[in-house]
Amino acid sequence: MQTKTPLAIAITLTLAMGAAAPLHAAGQDVAATSALGADATDLDRIEVRAQLESQLRAVDLKRSSDAIEDAVSSDALGQYPDKNVAESLQRLPGVSVTRDQGEGRFVVVRGLDANLNSVSIDGIAVGTPEDSSRAAPLDVIPSDSTERLRVVKSPTPDMPGDAIGGAILVESASAFDREGRSLRGKIEGSHQQLSGHTSPKAAINYSEVFADTFGVALGVNYQNRRFESDNTEVEYDGEDDAVPGDVTAINLQHRKYEIERKRIGANLNLDWRPSEDSSYYLRTLYSRFDDAETRQRTIFNFEDADMVATGADQFRLNDLPSDAIQKRMRYRTKEENTFAASLGGENRLSSAVVDYKVGYTKTEERVDDEMEARFELDADDLSGTLDQRSRLPRYTLSNTEWMDNANFAYDRMILSPKRVDDNEHSAQVNVRFDADNASYKIGLLGRWRERDVDVNEVELRRGPAIDLDSWTTSAPEHRHGSLGQGMSSALMRRYWAANSGLYSARPQETGANAVTSLEEDYTASEDIFATYAMGTWDIGALRIIGGVRVENTQFSAVGNQVDVAEDERSFTVTPRVANNSYTNVLPGLHLRYDAADDWVLRASANKTVSRPSFGDISPRVGYSRGDEEVRLGNPELDPYESTNVDLSLEKYLGSTGIVSLGLFHKSIDGYIVETVRQNDPAYEGFDVTQAINGDKAKVRGAEFNYQQQLAFLPPGLDGLLVGASGTWLDTDFDPGLADRAGDDFMLPRASKHVYSAHVGYEKDGLSTRIAAVYRSEYLDSIGAGRAFDVFVAPHTQLDFSLDYKFSPRVSMYLEAQNLLDKPLELYQGTRSRTLQLEEYGRTYAVGLKVSL
C-alpha cells in the first residue's frame with residue numbers, strides 16, 4: 001500500500017468530507033487528527049459516508065443549542081435533489097414550503113405564514129424583493145452557496161424577536177469549518193420530462209487555512225434550468241351563501257408556461273484568528289436569480305353564453321359570442337439579486353467577552369420588459385356543452401375556428417414593469433460576563449432599512465391591428481386540453497421593439513392606468529433599535545436562560561392617493577405621508593435539563609413579534625368612483641405579537657440518532673386580515689378594502705422526529721439510515737368578518753399535518769436515499785362565503801438520490817425529483833371544484849463530483 005504525506009492525507013480527508021469530522025476506517029471510528037499520524041497508511045480503506053456525517057452534524061447542532069431548533073448541514077444539502085435553500089429546509093420537522101412553478105419558494109414554519117419568519121444570512125437580516133410582503137423568497141439562494149441552515153423555533157432574548165413563525169439562519173462556510181485545504185467541484189445535467197430540455201449546473205468550492213491563523217473560503221455556483229408546466233384555471237360563481245358544490249364554472253383557462261431560470265451564487269469569507277483571545281471575519285454572499293417566462297393562454301368565458309342546465313352539473317351553451325374566446329401571450333424576465341456582507345470580530349478581555357458586527361444587505365427585483373398581447377376570436381358565434389362533474393370541467397364547442405390564430409383580432413397590449421429596492425444597514429454589539437456556573441449578557445442592535453417600490457401597469461388599446469397569424473407556431477402540448485395554435489414570444493418582442501411607438505391608451509382608460517401605475521408605489525424607512533439583558537445559570541444538569549428584549553420600531557412612508565373620476569377619463573394624485581412608532585417588550589425564559597442516558601428536556605416561554613407587511617401599512621388610497629370601490633393602506637396597523645410556550649423531550653441515540661417529541665402553543669394578538677366593509681362613514685356608498693388587526697389567533701401543535709443509523713443490524717444491513725417526522729396542528733382563527741360570524745376557519749396557509757420520511761443506505765462507496773414529504777390541505781384565501789374559500793390540496797413530494805464513489809476523490813450521482821408526478825392543485829369550496837391544476841412532470845439529474 002502506498003504511504004501518503006500528512007498534507008495529502010489532510011487534503012483527501014477534508015475534500016471528501018467537507019470538514020474535519022469522525023471518519024470510518026476499516027469499520028472503526030478514527031478522528032481526523034489521528035489520521036494525520038500513525039493511521040496514515042490506512043487511507044485507501046476509508047469509506048466516506050456523507051449522509052451519516054451530515055446527520056451527525058445536525059444532531060450535534062440540535063443537542064448543543066440552548067434554543068429549540070433544527071438544522072441541515074452542508075453534506076445533507078448534497079444528498080437531496082434540492083435546487084435551493086427552501087427545498088432543503090422542507091426536510092426538517094415542522095417545516096413546509098409553498099411552491100412556484102414546482103420549486104419551493106417560501107418557507108412555512110409550524111404552519112404560519114412566511115410573513116411571520118425572519119431570515120438572516122450569516123447573522124444579518126435580509127430583505128425581500130416582494131413588492132408588498134415581508135416574506136423572503138428562499139428559492140433565490142442556491143443550496144451550494146451555504147454551509148448549514150438552521151431554523152430556530154423559540155429564540156432566546158439575545159436573538160432578534162421578529163420570529164413568530166421561526167428564525168431561519170442561512171450560514172456560509174468558514175475555512176476553519178474544514179481545517180486545511182479543500183477544493184471540490186461538481187457538474188450536473190438535469191432533464192425535465194415535460195419539456196424534454198436538459199439543463200446544466202456546476203459548482204466549485206475552495207477553502208484553505210494559512211499559518212493556522214488566516215482562512216479563506218470561496219464558492220461559486222451556476223445553474224441554467226429550462227422547463228415547462230401545464231396549468232388550467234377555472235373561475236366559479238354563484239350566490240354568496242351558496243353551498244360550495246353549487247357554484248358554476250363561468251371561465252376556464254388553459255395556460256402553457258415555458259421558463260428559463262438562471263441561478264448564480266458566490267460567497268467569499270475571510271477569517272483571521274491571531275490568538276485564542278481574538279478573531280475577526282468578513283462574510284459575503286451574492287445570489288442572482290433570473291427568471292424568463294413565456295405564458296400562452298386560451299380563455300373560454302362560458303358566462304357569456306346562454307347557459308341552460310341539462311342535468312346535475314351539466315349545461316348546454318347557447319349563443320356563445322366569438323369574443324368570449326380569447327388568446328393571450330405574455331413574456332417577462334424577472335431579475336432578483338441578493339447581497340449580504342458582514343464584518344465583525346470577538347475579543348476576550350480580562351473580565352468580559354465582546355463581539356461586534358456591522359452588516360449590509362441589498363435585495364432588489366427588476367421586471368423591465370413584461371408585456372402581454374391580448375386577442376379575441378372574430379368569427380361566428382358558437383354553441384356547445386359544459387360538464388363539471390369531473391376534476392376539471394369538460395367542454396365541447398360547435399366548431400374549431402378558435403384553434404386557428406388567423407381568426408383572432410387584436411384587443412390590447414399591457415405593459416407591466418416593476419422595480420423593488422430593499423436596503424438595510426445594521427450594527428450590533430454584545431458583551432458577556434462569565435462567572436462560576438453563570439454568565440450574563442447584554443447587547444445593542446440597530447437596523448436601518450429603506451424600501452422603494454415602483455409598480456406600473458398600463459393598457460394600450462389604440463394602434464395598428466396586429467396579425468396574430470404572423471406569430472403562429474405549432475400547437476403546444478398540454479395535458480389538460482388544446483390551446484389551439486401556438487404563439488411565439490420572440491416574434492411578439494421583435495414586433496414590439498419595432499412598433500411600440502405606434503400604440504397609446506384610450507381616453508376612457510386614463511383613470512384605470514393611473515391606478516395600476518401609481519396606487520401601489522411607495523417609499524418607506526424602518527428603523528429598529530433593540531437592547532436586551534440575559535442571564536444563563538447552570539445548576540447541576542439544569543441550564544436556565546432568562547431575560548428580556550426591548551425593540552423599538554420607527555416607521556415612515558410616502559404613498560399616493562389616486563382619485564379616479566366616475567367617467568374614468570381623469571384623476572388626481574395626492575402624496576400621503578405616514579409615521580408610526582411602537583415598542584415591544586419581549587421577555588423569555590428557557591430551561592434545558594440534561595438527564596442521564598442521553599435524555600434532554602427543554603421548555604420555554606417567550607414573546608415574539610412580527611411587523612405588518614409593507615403593502616398593508618403603506619399610506620395608499622385608491623378611489624374607483626365608477627366601481628364604487630376604495631382600497632386603503634393602514635399605517636396604524638399594530639404588529640402581530642405572540643405569546644409562545646414550547647416543551648421538547650429528546651433522546652439521543654449514539655452520536656447520529658435522535659427521537660424527539662415537542663409540544664407548542666402560540667397565542668397571536670392582532671392577527672392581520674384583509675376586510676371589505678360597507679357603510680364606512682368616511683366613504684359613503686363605497687366598498688372599502690383594508691387590512692385591519694383582527695382578533696386573536698391560536699396555534700397548538702406537536703412535532704415528532706426520529707432518525708438513526710441501524711448499525712445494530714447484521715453486516716450488509718448495518719448501512720441503513722432511516723428517519724421520519726410529523727407535525728400536527730390545531731388552529732383557531734377569527735377573521736372578524738361580520739357576514740361569516742358563524743363559520744370556523746383554519747389559519748391561512750397552515751396545514752394540519754406535515755409528514756416526512758427517508759430511507760438511506762451507505763456501504764462501500766454507495767450512498768442512496770429515497771425521501772418523501774407530505775403536506776395536508778390548507779386554506780389559501782377567504783372568500784365572501786364558504787363556496788368561495790380557496791384551499792390548496794394535499795401534496796406529496798417523493799425524491800430519490802444515489803451517489804457512488806469510485807475513489808475518495810471522484811463520485812457520480814443520480815437524482816430524481818417529483819417521482820409521483822404530483823401537481824399543484826387548488827380548489828374552491830370543495831375538492832370537486834378544482835380552481836387550479838398545474839403539472840410539472842418528473843426531473844432527473846446526473847452529475848460528477850471531484851475533489852482535487
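# Reading cores, sheets and a helix

Visitor: Where should I start, and which residues have the most contacts inside the largest nonpolar core?
Guide: This is a predicted model. Its largest nonpolar core has 46 residues. Phe300, Ile325, Phe375 and Leu397 have the most contacts inside that core.

Visitor: Which strand gives the most to this core?
Guide: Strand 20, residues 371–377, does, with four residues.

Visitor: What does Phe375 touch?
Guide: Leave out residues up to four places away in sequence. Then Phe375 touches Gln326, Lys327, Phe408, Ala409, Tyr410, Asp411, Ile466, Leu468 and Trp471.

Visitor: What lies apart from the largest core?
Guide: Another core, of 32 residues. Leu116, Ile617, Phe733 and Met746 are among them.

Visitor: Now a helix. Which residues of helix 6 are buried?
Guide: Buried means under 20% relative accessible area. In helix 6, residues 489–499, that holds for Ser489, Met492 and Trp496.

Visitor: Why do the buried residues line one face of helix 6?
Guide: Look down the helix axis. The buried residues of helix 6 fall within an arc of 55 degrees, so they line one face. On the other side, Arg494, Ala497 and Ala498 are exposed.

Visitor: What do the buried residues of helix 6 pack against?
Guide: Several strands. Among them are strand 15 (278–300), strand 18 (325–348), strand 20 and strand 23 (408–415).

Visitor: Which residue caps the N-terminal end of helix 6?
Guide: Ser488. One of its side-chain oxygens lies 3.4 Å from the backbone nitrogen of Ala490.

Visitor: On to sheets. What is the order of the sheet of five strands?
Guide: The order is 4-9-10-7-8. This sheet is open, and its pairing is mixed. Strand 4 (68–73) and strand 8 (124–125) stand at the edges. Each has a single partner strand, so one side of each is left without a neighbour in the sheet.

Visitor: Which helix packs on that sheet?
Guide: Helix 3, residues 50–64, touching strand 4 and strand 9. Its direction makes about 155 degrees with that of strand 4.

Visitor: How many bridges pair strand 9 with strand 10?
Guide: Five, in the antiparallel sense. Strand 9 covers residues 148–154, and strand 10 covers residues 166–171. For one bridge, find Val152; its partner in strand 10 is Ala167.

Visitor: What is the order of the sheet of four strands?
Guide: It runs 16-17-21-22, open, with antiparallel pairing. Strand 16 (306–311) and strand 22 (394–397) are the edge strands, each pairing on one side only. The twist averages 20 degrees from one strand to the next.

Visitor: Which residue of strand 21 is the bridge partner of Leu317?
Guide: Gly384. Five bridges join strand 17 (residues 314–320) to strand 21 (residues 382–387).

Key:
Residues are numbered from 1 along each chain as its sequence is written. This is a predicted model: local features need pLDDT of at least 70, side-chain atom pairs count only at pLDDT 80 or more; totals for chains, interfaces and linings use all residues. Side-chain values use heavy atoms; hydrogens and water are left out. Two strands pair if DSSP finds at least two bridges between them. Helices (H or I, at least four residues) and strands (E, at least two) are DSSP runs, numbered from the N terminus. Contact means heavy atoms within 4.5 Å. Axes are lines fitted to C-alpha atoms, for helices over the stretch in contact, and angles run from 0 to 180 degrees between N-to-C directions. A nonpolar core is a set of buried Ala, Val, Leu, Ile, Met, Phe, Trp, Tyr and Cys residues joined through side-chain atoms within 4.5 Å. Buried means under 20% relative accessible area, exposed over 50%, partly exposed in between (1.4 Å probe, protein chains only). The arc is that of the directions from the helix axis to the C-beta atoms. A polar contact is a pair of N or O atoms within 3.5 Å; within protein, one must be able to donate a hydrogen and the other to accept it, and residues adjacent in sequence count only if both atoms are side-chain atoms.
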